[in-house]
Each structure stands twice: as structure tokens, then as C-alpha cells.
Amino acid sequence: MTLFRRPARRNTPSDSEKALQHTNSSTHDHDNEYALRRTQWKLNAGEIIQKLKKNLTFKVGGDFDIAGLPIFGDLTRYGVSEEKQQELFSLEIERLVNDVNSAKPVPLEGESDWFGKADANGYLKLDKLARQIKIAIAICFHDLELLMAEYDPRNSRPKRFRKARATLLRYFGDDSMKDPVETCDGMRLDRINDMAFHCLINYLTSSMAQVLLRTMSGEFWDDNCIISMAKTAAKVKIVALDLAHAARVSLACKREWVTRMQRSSKHEPDPLVEDKDKEPTAIGNQNEVMARQVVLRAQKYIRVMSVFGGGILVLLMDVADGMSSVQDAALPPNVFESSSIVFDTGFPGHRSLLCQERNGGIGISGSRNEVHCASFAFDVCLAIFEDLKRRLGLGTAGSTDHASTIYWKWTPMLPTSKEDSEMDHDIFGDFRRGEISLTSMHDVITAFIPYLMVCGPFSSQLAGLTQLVISISDSGDPVRECAGTRFLASFMVRMKGYDQFKTENFGFGESASSVSESKFAKLRALDPENKSIRQGLELMEKWTMDRGSIIIQSRWYCWGTLVFCTLLVLGGLAIGLTVNERINGVDPFNLSIFCWTLAAFIVLVTKSLRVENWPWRDFFLGRVVCRSVSEVKTVSGINPQVFLSILLYREPIIIMDKSGPFRGIFRRNAADGFSIDLPLTTQSMMAAGCFFIKVQSHDGPALVVIRGPIGNTYDVIKPRSNSKSEGEVKCRNFRDVARWGSGEEKKDLYYLSTNYLQWSGVIGIFDQDAYFC
């Protein structure tokens, strides 16, 4: 078991980390809502190990311990003694505590030759290691869900259990595949597999622990994160030594579990069930209360272990999925592009995360909590990128044919002072950017693993874990989310041969592009504040919205018209009274009648020009009731595309039904709702957080939407997937398009539907300037 021991290493703080700490000290996100930002840790490994020995990681109160609780991450069934298990757990805790307390980028251990060069063979080695990690995690999931099904069935995840079991049966079942590549021997490296695997697990778990302990504050969070991560790391290392044997042991536990369940169904009655025939006594009541306390504390222990253990396994699986190449893709394992962008939506306090994953999937998150959690992963990733650039120096090899390029740009959003509180825009600090070309897989893995924590569903899963932990924490030992950094970022990983291979074999075409090269990404680079949205919001602040209309104050228009017509009427009356019979043959009151008629005509015309149905009461009160987009445009002068973007982005929090010919992209529809009588353009929908992704379906190219409006969790379109009937909107008939508009505004019009659609591949973001119906 020497693989669990680590050589001592010395770390010195890098200039990039000092700059990061200095910058972050002034860019906290909503300091009043979060705990102080954590930059230093003083975890005590000895104290955490003592809590581990008690098998309890939370304060239970009283003067007794609960014995006989199930051990999550148990290694004894895999041939490890209890003493050795405790030793392995303790070693892992010491390693994680040292890495977290250092607050420095964790280096990837091992020789560079172990992982190879950054070419097809090098990425194939990474893929083999990633598949071993995924199978080991599947074994951990299988064991975890069996424990939950036995001890806490209400909180078990049958779907997760079935998925893990299917994975194990796929590789190690009686009728498993015979492909040599998919066998255990085919997944292992030709040499030093175990050493390389353990170094990779050390780096992965330590980097993730640094992210986790930046996210929340509290002893309950710190201790359980370290203990659960240590148990998971130790178990993954043990089962990976012989995946086939470990899988058979785990699958056999299902049969043992069934036997135990059958036996337990015949045991004696529950002692906690009240016996009505038995007279209560003081001692009996005390024992009953004590028994219930034991049960409640045991349930709390199981719940805590399952939340932390299951949550960390999910996070590890997300990273392992990104490390492995797509098995049935036409692209070689070393040919891909991936990017992650955090951009300002223009809505105060709201940023979004847009990702292009390694497998080609494209996703977006509009959840403030998820973007907040992503900020801690970006901090760790940025520190590792800059530390790697410093260590490599200016002599990075970028002339080879198999270089992997890492690009990043990170811009802090500085807090405004009291004097600047009236400003309608953010203040940006000095950006930090860099680019490195890597030819060694050792360096690629060092950069790629933390990058996978900022690209994809990792931040969404982390946000879900934090909310679960808050819900189960004790009021006496509270946990709080830490303040994060408000920033904009653009991170990208690209292989050198990606552009040429993609053009020759697939090609994006004129209507689609990758995330990093999309028109939207370029627009956000030129206008990071999204000023048009901010101006539109400022104009809409005084509007009143209900289910089918928008009320806009227009006092100058209404009252100005009424004042003018009143003066016209009074003038006509004055003429009739003053002229009398001074003009022979002319009745002066005819002039008065003419003025009155003209005034009435002006009022009617003025009242009918802007909106179709304008109640007199609202007209006299100086307000306009608009029931369509065109009416809002006429009354307020707002850019209709900006207005539609705001309406679409805020749809989850605005109680307004939609109707009209161009309502397809909206979800709240009703026959008598607010009429969407003007179509949205592609750029307007992107500004609202809705992106159409071009996919290759069985019937040809098609478009499927991903949504990232306010509050929406991570939504992704992945290759080889489908959209159910009556599900998300999509454009099935991509080739036969109509035209809408006139002059320069005339563009293609795509019709949306909710029919079933299945696709094989993701081409890119659709950024052609068009309309949607």
C-alpha cells in the first residue's frame, strides 16, 4: 500500500496567487449575504481523524456514542482489514488537509513519461485512466445505493443504482462485451498503470477539495468534505487495483442485500411501535424516548454520509466524463475544442455561464447560485493556469503538430463606492489573460482537470450539494456560503489540429460556429456590460405588467392632447361670446361648434393612433394600456428586440401570458395573453439567454434551444440525444424557410414546433441573423 504515501514537497507562493488574493479582496459578491471569503485554512488533520475513528462527523450531544452504524466507503469487503482501512483513510485525510492548508496550486505527481506526449497516444492514455475512474466510481455508487436502500430507502436513488449496476454488468457481467479495448487489460496502461492512476486521483481529489472548501464555511462542511473525499479516494484506489474482482464483489452485495431484506421482513415487531395493551411506566417512557433519540441520530448520520458521499461521487464523475474521449465519435481523442464563458447579461446582479464541453455538448446556466459556485472553481483554475505558465516560462513549445493550447481571460468586476452608486454600469478591473501551448500530457492533465470544473455541469452539481448541506446542517453548527468573486471570464482549450479536421470532415457552415467563435462571444467581448439591455430596463422600470397587458405612463401625450383640445373648445366658446352679432350674416357659435368638433376629432385620432383598445379612464389618467409588442414600441419608443429580450429573460418571474403569431419561444401561452406580434431575432434570443443549437438529426440539420434565463439551472444539448414530444421548442424543418420583414430588416423566418426530435451530433451555436416564429 505504499501508493497511498506521498513524498514531501515544498511549495512557494506564486505571483499569480498573490495577485489573485489581492484582487479578490475587493471584488466580493454580495458580502452581506455570504460569509467572508476564505483565503487561508488551518484544518487539523488529527482532529478530523479522531472524528473519523468515532464514525461520526457531527455533534450528537449527550454522553454516549452510537455503535453499529454502517460504514460508508467500507473497504473490508475488498480484502482490506479494519486496521489497514483506518490507516488508509488517515493518510488520505493528511494529504487533503496539507493540500488545502497550503492554498497553493497542487502539482500533479509522477514522471512526465508516465503520461506521454500531448498527441493521440497521450490522450488515449488519459482516456484509459478516466475509464478506470468511472468504473471505480460506479462501484462506489453501487455500494452507496445498496446501503441507502437498506437504511434510508426514502432518500435512496434507484435510478442512480440502476445506472451504476448497468455499467458494471456491461463490463463484467456474464454477457459483457468481448471487445479487447473494453476489457480491464485493454483499459490499463502498458506500464506503471497503478502509479499513474494514484497520482491522477491525488491531483483530482486535492484540486476538488480546494474548490469545495472555498465554497462554504463551517466546521460541519470542512470535516465532512475532507472525510468523504478521503474515503472516496481510498476506495477508488483500492477497487481500481482489480476492477473485475471489485465489480464482482459489489454485484454480489446485491444478492446479500436481498437475503437480508427477506430475513428482516420476518423479524420481531418494531420496539418503537406502541403496545396499547401494555401500561406505560416512567422507565418505559424514558427508554422509549432514548430509543427514538438513537434512531433519529442514526438517521441523521446516514443522511449526512449519503449527502456528502453521493455529492462528491457525482462531482468526480462529472470530471471523469470530461477526461474520457467520446468512444463512438469520428474525431480522434486529441482533436477537440472546449470553452467556458461567464458573461454579463445586462440585468443587474445576473451573469450566465455558457459552455462547450469536450464531447461537443453546449450548455448554459442562468442560475445565480450556480454561477456563484463556479467562481470558486475559476479561482482554482486560474491560479493553476498562471502557475503552469510561470513554471513553463516563455519557452513553451507551440510549433509541434500535437500541441494543446490553453487560453484564458479573467476580468474582475469591482464594487462601486457610495459615490458611484448612481452609475448605470459596472466598473471593471485590470484583466488577466494568458496563453500556453502544451506538448506534454503531464502539463495537459495539470491544466485540464481544473478546467473541467469550470466547464460543464460541475458548478450546477456543486450548487445542489451546497443547498442540501445547508438543509441538513444543525443550527448550532451552521454552514454558510462564502463570498465569491464577481468577474467575467473566457477560458478555452483547443487542440492544434481541431480547425483543419473539423473543416475537412464536418464544417460548421455559415449558420453555426463554436462557442468561442460565435458572434455572441465576440459581441460580449466588445460590449461586456450589454448597455442596450440596461437602457431598456431603465425605461421599463415605471411600467406596470399584468397577465395580458402593460400599462405605460404617457401623461405628456394624453394630458397635452386634452389641454390643447380644451383650449381649442374654450377658444371657440370665447369667439362665440365675444363676437356676438358684430359680423353680419355669420353666426359666431358655428365657429364654436366647429372648434368643438375639431377638438373631438383630434382626441379620437390621438387616442386611436397608438393602441387598438384604449379605455377612456386610462386616457384621462395619462396612461396607455398596451396589449402587443407593436403597441409598446409605438407608445414608449423602445427597441422591440430589446423589449422582447427582457420579456423572455424575465419570463420565469413575470406573470404574463403570451399570445400572437410569434409566441413560439415563450412558455406561458394563453389565447387572451399579451400579443407577441413581432418576431425575435437570433441575437435578441441570445441576449435573453436562449441559444439555438444546430444538430444533425436523422432528417437533416435541425435547431434545438437551450435556455439560460433568470434562475434556470444548467441546460445542455449533448450528442446522441433527443427531445421529447411536447418538450422544448425546436426547428425540425431547417432547410425550407420563409422570409419576413422588408428592406434591410428582411430575414429568414424559422418555424418552431414541439415535436419529437432525435439527433446524432451537435454542430454548434446557430448565429445566423434570422427570425423565429
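How much space lies in the largest cavity? In this predicted model, local features need pLDDT of at least 70 and side-chain atom pairs count only at pLDDT 80 or more, while totals for chains, interfaces and linings use all residues. Residues are numbered from 1 along each chain as its sequence is written, and side-chain values use heavy atoms, with hydrogens and water left out.

The largest cavity holds about 210 Å³ of space, a cavity being a set of points, on a 1 Å grid over the protein atoms alone, where a 1.4 Å probe fits but cannot get out. Its lining (residues with an atom within 4 Å of a point) comprises 16 residues, of which F72, G73, C140, L144 and K235 lie nearest the centre.

The largest pocket, in contrast to a cavity, is an open set of points with protein on both sides within 12 Å along at least five of seven lines, and about 1,500 Å³ of space lies in it. Among the 41 residues that line this pocket, K134, K163, M317, D321 and K718 lie nearest its centre.

The largest nonpolar core, a set of buried (under 20% relative accessible area, 1.4 Å probe, protein chains only) Ala, Val, Leu, Ile, Met, Phe, Trp, Tyr and Cys residues joined through side-chain atoms within 4.5 Å, has 139 residues, of which I93, M208, L212, W221, Y451 and F491 touch the most other members. Beyond its neighbours within four places in sequence, W221 is in contact (heavy atoms within 4.5 Å) with residues including L212, F308 and V479. A second, separate core of 58 residues includes I646, L703, V729 and L749.

Methods: Buried < 20%, exposed > 50% of the residue type's maximum accessible area, 1.4 Å probe, protein only. Points joined across faces, edges and corners; volume = space filled by probe spheres on them.
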